[in-house]
Amino acid sequence: TRAEEEQLTEECKQLLSSLPKERGWRTSHLYQYQGFWCQPAEIQAIVSFQNHFQAYDNDIILATMPKSGTTWLKALAFAVVNRDHFPVDSDKHPLLTSNPHDLVPFLEYKLYANNQIPDLSKLSADDQDRPRLFGTHIPFPSLANSVKKSNSCRVVYLCRNPFDTFISSWHFIGSMSPFTLEEAFEMCCRGVIGFGPFWDHMLGYWKESLARPENVLFLTYEDLKEDAVFHLKRLAKFLGRPFSFEEETSGVVEKIAKLCSFENLKGLEVNKKGKSIKNFENDKLFRKGEVGDWVNYLSSLMVEKMSTIMEEKLGDSGLKF
Ligand code: A3P
């Protein structure tokens with residue numbers, strides 16, 4: 001909103017004036033910062049994060065494009081990493097009373113928002129058993145150097161097919177969008193969508209996951225939907241906390257999948273009200289939770305257009321939709 005833009009620092013306003021600019025869906029404009037289309041307040045936060053964030057060896061960063069399953073990934077990773085402190089079947093499990101975004105803060109919307117420099121030393125990082133967990137939409141090349149150069153912190157990327165992600169964004173923005181679905185889709189195909197282009201966002205993490213598989217794990221929403229248990233095991237192993245034989249045989253993995261499932265989270269009181277994300281009601285975070293809902297909204301011409309673009313941009317990277 002305009003009020004938000006007015007709160008920016010002079011330094012940020014100056015930076016914005018030097019960047020390519022397009023009309024946006026949510027804020028009046030998006031700016032292209034380091035190759036990606038972002039809102040003004042996001043850019044200010046990213047710069048602050050880049051300047052001040054100091055990674056710890058055991059940090060875990062959960063990265064996504066907006067609307068590709070961030071809430072789900074935060075819930076899954078939180079449950080996996082904290083299972084010794086919070087047994088999954090406890091009726092006091094934090095996920096039963098807190099929205100996942102309140103358990104795993106966003107770097108750009110929470111910690112580094114509003115020109116603040118947070119004291120992150122209190123986020124239980126002195127305890128090797130409980131690493132700090134952060135969420136972000138920041139593209140890989142724009143992460144703080146201390147994260148990119150670390151050989152020990154872990155980054156998990158959750159990728160979702162761009163058709164569903166676009167439709168999910170469309171519903172999320174809803175009546176706040178000044179564009180028709182067709183106009184918004186055209187912009188998306190040009191890469192102009194929050195943290196777009198899709199292909200570059202995905203490729204950044206994809207390539208890094210191939211180059212440094214110990215540090216970057218690439219998951220997809222569709223795979224998780226198909227077999228959450230299998231991919232939860234991969235996730236736990238990657239995070240250095242593989243499930244033990246006892247855990248596997250006693251159904252801990254299935255219980256985590258169930259606790260974090262769309263149906264379960266959507267039904268909790270805490271996720272029906274309140275605003276864990278600025279300007280959005282929590283219930284907006286849980287819409288349909290399905291693969292392929294785009295068939296109800298996109299024409300075959302639109303699908304063909306985006307498919308061709310994605311094929312061309314992803315090239316021979318090995319990444320496909
Ligand atoms: P739909 O709009 O297609 O339903 P994000 O968390 O990144 O904002 O992404 C939101 C999308 O993830 C929405 O997709 C939402 O319904 C879906 N979602 C939220 N929680 C989920 C869960 N636990 N399991 C699967 N999908 C979930």
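Which atom of the ligand lies 2.7 Å from a polar side-chain atom of Lys67? An oxygen atom of the ligand lies at that distance from Lys67. The views below show this contact and other details of a predicted model.

**View 1. Polar contacts of the ligand with Lys67, Ser68 and Tyr221.** The side chain of Lys67 places a polar atom 2.7 Å from a ligand oxygen. Ser68 takes part through its backbone: a polar backbone atom of Ser68 is 3.2 Å from an oxygen atom of the ligand. At Tyr221 the partner is a nitrogen atom of the ligand, which lies 2.7 Å from a polar side-chain atom of that residue. Taken alone, the ligand would expose 560 Å², and the protein buries 97% of this area.

**View 2. The ligand in the largest pocket.** Two elements each give two or more residues to the shell around the ligand: helix H4, residues 70-81, and helix H16, residues 262-267. Helix H4 gives the most, with three residues. The shell around the ligand has 18 residues, of which Thr70, Thr71, Ser168, Lys288 and Gly289 come nearest. Sorted by type, the shell holds seven nonpolar, seven polar and four charged residues.

**View 3. Ser146 and its surroundings.** Ser146 belongs to helix H8, which covers residues 145-148. The side chain of Ser146 comes to 2.9 Å from the backbone nitrogen of Ala55. Apart from neighbours within four places in sequence, Ser146 is in contact with Phe53, Gln54, Ala55 and Cys153. Ala55 therefore appears in this view both as a contact of Ser146 and as the residue whose backbone nitrogen the Ser146 side chain reaches, a polar contact being a pair of N or O atoms within 3.5 Å.

**View 4. The cis peptide bond between Gly196 and Pro197.** The bond from Gly196 to Pro197 has an omega near 5°. Pro197 is in the loop that runs between helix H10, residues 181-189, and helix H11, residues 198-211.

**View 5. Asn115 and its positive phi.** The phi of Asn115 is about 60°, although this residue is not a glycine. Where is Asn115 found? The residue is in the loop between helix H7, residues 107-111, and strand E5, residues 133-136.

How values were computed. Residues are numbered from 1 along each chain as its sequence is written. This is a predicted model: local features need pLDDT of at least 70, side-chain atom pairs count only at pLDDT 80 or more; totals for chains, interfaces and linings use all residues. Side-chain values use heavy atoms; hydrogens and water are left out. A residue is near a molecule or strand if one of its heavy atoms lies within 4 Å of it. A polar contact is a pair of N or O atoms within 3.5 Å; within protein, one must be able to donate a hydrogen and the other to accept it, and residues adjacent in sequence count only if both atoms are side-chain atoms. Accessible areas come from the Shrake-Rupley method with a 1.4 Å probe; for residues, only the protein chains shown count as cover. On a 1 Å grid over the protein atoms alone, a cavity is a set of points where a 1.4 Å probe fits but cannot get out, and a pocket is an open set with protein on both sides within 12 Å along at least five of seven lines; lining residues have an atom within 4 Å of a point. A molecule sits in a cavity or pocket if more than half of its atoms lie within 2 Å of its grid points. Helices (H or I, at least four residues) and strands (E, at least two) are DSSP runs, numbered from the N terminus. Ala, Val, Leu, Ile, Met, Phe, Trp, Tyr, Cys and Pro count as nonpolar, Asp, Glu, Lys and Arg as charged, and the others, Gly among them, as polar. Contact means heavy atoms within 4.5 Å.
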